[in-house]
Amino acid sequence: MNEPPHAVMHFGMAGYLLLPVEKPEDKEWPPKYWKFLLETDGDPKAEAAFVDFRRLSRIRLVDCPADEIRKHSPLKENGPDPVADKDTVTEEWLADKLRSRKVPIKALLLDQANISGIGNWMGDEILYHAKIHPEQYSNTLGDEQIKELHSSIHYVCTTSIDVLADSEKFPEHWLFKHRWGKGKKNKPSVLPNGEKIVFLTVGGRTSAVVPSVQKKTGPVAKDIGDEDANSPKSETKRKRVTGVKKEEDVNDDEEEPKPKKRGSRSKKSEDSVEIKEESKPEGRRRSTRLKK
């Protein structure tokens, strides 16, 4: 789509764009849980499937020149991106942002109005490498902690982008590689060196923390003790929220979905693009053709 409208996709927690060349030969196409297909006219045709089994993804068509898309909603409401706006996300910028707010640092990182592109597992990874506890208030971090946080943000984001978000290529020493045992019987959540991984709820999201590395060095919104994922049900069934209003009917024991390998964007075409939406129960599809 080299002319308006342009598609802006938000993949939520588990959505992704998949190309046919990335699927094993024995797998069906379109893939399971597909929501719509992107198809280009012309020769050869290109195709991609928008997949989201949790239905948290969103797509919006923005009618503006491509080079001005970040000046229009929904992107204009977002903060700078650590990779695309590296010159903006400086140590000085980060220090001003942190000191102007009094919220748990994990909640600040997840707020896209502050900084774009950092999701739940990535926020935990950044704080683990920076040795910062996720519950600590953002305005209580010292100069050295801010320096480490700034370095960690760029390290984790850049490394993830460099491998195209393929989790199999993430470094083995990352917390990501060892955090997925929460709630699984006979599978303790520990790092290879034996350091324990515990789980807290910060900013309404489950946070993986390594207490031996991430120490509290200042006030926190709520002083919650270290909690093991395999603690008794009487403990784990209570909803624990730090820094936000309590949300009802949330299962705190639910494990976060492990991110899948992402598909890459299809090549831009000068021809029209067809979006086919997910089939209804009767098996019929409704298609919408987007013309230049």
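## What packs over helix 4

In this predicted model, the buried residues of helix 4 get their cover from several places, including helix 1, helix 2 (105–110) and helix 3. Which residues of helix 4 are buried? Going along the helix, they are Gln-145, Ile-146, Leu-149, His-150, Ser-152, Ile-153, His-154, Val-156, Cys-157, Thr-159 and Ser-160. It helps to keep a bit of helix geometry in mind here: with 3.6 residues a turn, an α-helix has residues three or four places apart pointing the same way.

The length of helix 4 checks out too. Its 20 residues should span 28 Å at 1.5 Å a residue, and the end C-alpha atoms sit 29 Å apart, which agrees. After helix 4 comes Leu-164, with a positive phi near 55 degrees.

## A salt bridge at helix 4

Searching the whole structure turns up six salt bridges. One of them pairs Arg-99 with Asp-143, with 2.3 Å between the closest N and O atoms. Arg-99 belongs to helix 1 (residues 91–99) and Asp-143 to helix 4 (residues 143–162), so this pair ties together parts that are 44 residues apart in sequence.

How open are the two partners? Arg-99 is partly exposed, at 44% relative accessible area. Asp-143 counts as exposed, with 56% relative accessibility, because the cut-off for exposed is over 50%.

## A buried pair and its network

Now for Arg-179 and Asp-124, whose side chains meet in a salt bridge at 3.0 Å, N to O. Arg-179 is in the loop between helix 4 and strand 6 (198–202), while Asp-124 is in helix 3 (residues 120–130), so the link ties together parts 55 residues apart in sequence. Buried or exposed? Both Arg-179 and Asp-124 are buried.

## Loop to loop

Another salt bridge joins Lys-216 to Glu-135, and here the closest N and O atoms are 3.4 Å apart. Both ends are in loops: Lys-216 is in the one between strand 7 (205–209) and helix 5 (233–236), and Glu-135 is in the one between helix 3 and helix 4, so the pair ties together parts that are 81 residues apart in sequence.

The burial of these two partners is worth a look as well. Lys-216 is partly exposed at 31% relative accessibility, whereas Glu-135 is buried, with a relative accessible area of 0%. Back to the network: Lys-106, Asp-124 and Arg-179 are joined into one by salt bridges that share partners.

Definitions and conventions. Residues numbered from 1 in each chain as written. Predicted model: local features only at pLDDT ≥ 70, side-chain atom pairs only at ≥ 80, totals over all residues. Heavy atoms only, no water. Salt bridge = Lys/Arg side-chain N within 4 Å of Asp/Glu carboxyl O. Helix = DSSP H or I, 4+ residues; strand = E, 2+ residues; numbered from the N terminus. Buried < 20%, exposed > 50% of the residue type's maximum accessible area, 1.4 Å probe, protein only. Expected span 1.5 Å × (residues − 1). Contact = heavy atoms within 4.5 Å.
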